[in-house]
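User: Could you take a close look at one part of this structure with me? I'd like to start with a small enclosed space and then work outwards from there.

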Amino acid sequence: MKNLLPLLLLTMMVVTKTFAQGVMDVHSHIITPEFLSALESEGRLTDEGFPLPKYNVASHLKWMDEAGVQTSVLTLAAPQPSSAETVRKANEAAALTKKEHPGRFLFCAALPLPDVAKAIEEAKYALDTLKADGIKLATNVGGQYLGEPELDTLFAVLNERQAVVILHPHRPEPVNRQVMQQTPLAMQEYLSETTRAVANMISRNVLARYPNIKVVVPHCGAYLPLAIPRMKSLTPVMQANNMVGEIDYEANLRALYYDLAGAHSPEVIRMLLTITTPDHLLYGSDYPYVAPQVLMQSLARMKQYLTNESDLAPYKDMILFQNAKQLFK
């Protein structure tokens, strides 16, 4: 036993170092039985145009271990529950998952919008009592888009608590059913939804007015690398016609982080770097919406090009884990 002790200590050091340098995934979803039951009773299981994938914590951990993901940030999947009670149960389930698996999960709490008063109540409960690591906001709930004036009181509360906010696209309202069937939301409209919501926040200077909030934009920034220059070029015209007020683009963009879930590539990262800095890029998987084996291949490909592309190689560890750890403290 004495001779085995040095080997055992060395093994423990290697394992500890491996997990210390493990990937941090800022885009994954928890799908609880209570959430599914509520959607089923409301007849909303396919609200987003496709059935929700099966989920359990054990399978999630298995994929994380195989892929080398140390920590995953959990958010509630779409669609948005109608009931504040369902949202509360989902948040408490996520908090319990985090507690039962220390170091492996963080969570960003859902809010029962469009009821702003109840959303503020839930945000306070989630952040102060459940110790949520942030808040998840849908791009819109029933047509109430981020950036609308009635949400300012909610953003004031999140600003006071220096909250991290993870965005996720939801079905737009209204939606053309034929188009949604022919071109599923995840194929294109989710990108439009994300761009629409962020542009709406910027046009009202929301993130500049609430500077303590950090916002994670999903799916490689959607269309923002194309939209931001266009917005800037049209702002003087909009202001001359009293359509928008002052917009501090630098302050708004400084608040935005971007996860690389979806169709990432060296070219996509270079496009994002035209509107942000390397310390604002984050790894995201979108588990469990993509098959585990596909996600492992995608992560391996990312590691490969972040190693081989000389202009991106300095940012490899930043993207895979350092930026996320800094964002979530």
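Which residues line the largest cavity? Once that is clear, please go on to the pockets, the helix contacts and any unusual backbone spots.

Analyst: Happy to! Please keep in mind that this is a predicted model. The largest cavity is lined by Gln80, Ala110, Leu111, Leu113, Lys136, Leu137, Ala138 and Val141. About 40 Å³ of space lies inside this cavity, and the structure holds three cavities of 30 Å³ or more. Strand 4, residues 134-138, makes the biggest contribution to the lining of the largest cavity, with three residues. By class, that lining has six nonpolar residues, one polar and one charged.

Gln80 belongs to the cavity lining, and its neighbour in the sequence brings us to a backbone feature. The peptide bond from alanine 78 to proline 79 is cis, with omega near 5 degrees. Proline 79 sits in the loop between strand 2 (69-76) and helix 4 (84-100). There is another cis peptide bond between tyrosine 287 and proline 288, where omega is about 5 degrees. Proline 288 is found in the loop between strand 10 (281-282) and helix 13. These are worth a glance on the screen because most peptide bonds are trans.

From that loop we can step straight into helix 13, which takes part in two helix contacts described here. One of them is with helix 3. The axes of helix 3 (residues 57-67) and helix 13 (residues 292-308) come within 10 Å and cross at roughly 30 degrees. Helix 3 is therefore roughly parallel to helix 13, and the crossing of helix 3 with helix 13 is right-handed. On the helix 3 side, the contact is made by Trp63, Glu66 and Ala67, while helix 13 brings Pro292, Leu295, Met296, Leu299 and Lys303. Sorted by class, this contact has six nonpolar residues, no polar ones and two charged ones.

The other contact of helix 13 is with helix 14. Here the axes come within 8 Å and cross at roughly 135 degrees, so helix 13 and helix 14 are oblique to each other. Leu299, Met302, Lys303, Leu306 and Thr307 of helix 13 meet Lys316, Ile319 and Leu320 of helix 14. The classes in the contact of helix 13 with helix 14 are five nonpolar, one polar and two charged. If you compare the two lists, Leu299 and Lys303 of helix 13 appear both in the contact with helix 3 and in the contact with helix 14.

Helix 14 also leads us to a pocket. The second largest pocket has a volume of about 380 Å³. It is lined by 18 residues, of which Gln162, Val164, Lys214, Leu327 and Lys329 are the closest to its centre. Helix 14 (residues 316-327) gives the most to the lining of the second largest pocket, with three residues. That lining is made up of seven nonpolar, six polar and five charged residues.

Now for the largest pocket, which has a volume of about 450 Å³. Its lining counts 23 residues, and those closest to its centre are Leu191, His219, Ala261, Gly262 and Ala263. Helix 8, helix 10 and helix 12 (266-272) each supply at least two residues of this lining, with helix 12 giving the most, at three residues. The lining of the largest pocket divides into 18 nonpolar residues, four polar and one charged.

Two of those pocket helices also touch each other. The axes of helix 8 (residues 189-203) and helix 10 (residues 224-240) come within 11 Å and cross at roughly 30 degrees. Helix 8 is therefore roughly parallel to helix 10, and their crossing is right-handed. In this contact, Thr195, Val198, Ala199, Ile202 and Ser203 from helix 8 meet Leu224, Ala227, Ile228 and Met231 from helix 10. By class, the contact of helix 8 with helix 10 has seven nonpolar residues, two polar and no charged ones.

One last backbone spot follows on from helix 8. Asparagine 205 lies in the loop between helix 8 and helix 9 (206-209). The phi of asparagine 205 is near 60 degrees, a positive value in a residue other than glycine. This one is worth a glance too, because most residues other than glycine have a negative phi.

Notes:
Residues numbered from 1 in each chain as written. Predicted model: local features only at pLDDT ≥ 70, side-chain atom pairs only at ≥ 80, totals over all residues. Heavy atoms only, no water. Axes fitted to C-alpha atoms, helices over the stretch in contact; angles between N-to-C directions. Helix = DSSP H or I, 4+ residues; strand = E, 2+ residues; numbered from the N terminus. Parallel < 35°, antiparallel > 145°, perpendicular 65-115°, else oblique. Left-handed = near helix turned anticlockwise from the far one by under 90°. Contact = heavy atoms within 4.5 Å. Nonpolar A, V, L, I, M, F, W, Y, C, P; charged D, E, K, R; others polar. 1 Å grid on protein atoms, 1.4 Å probe; cavity = no way out; pocket = protein on both sides within 12 Å on 5 of 7 lines; lining within 4 Å. Points joined across faces, edges and corners; volume = space filled by probe spheres on them.
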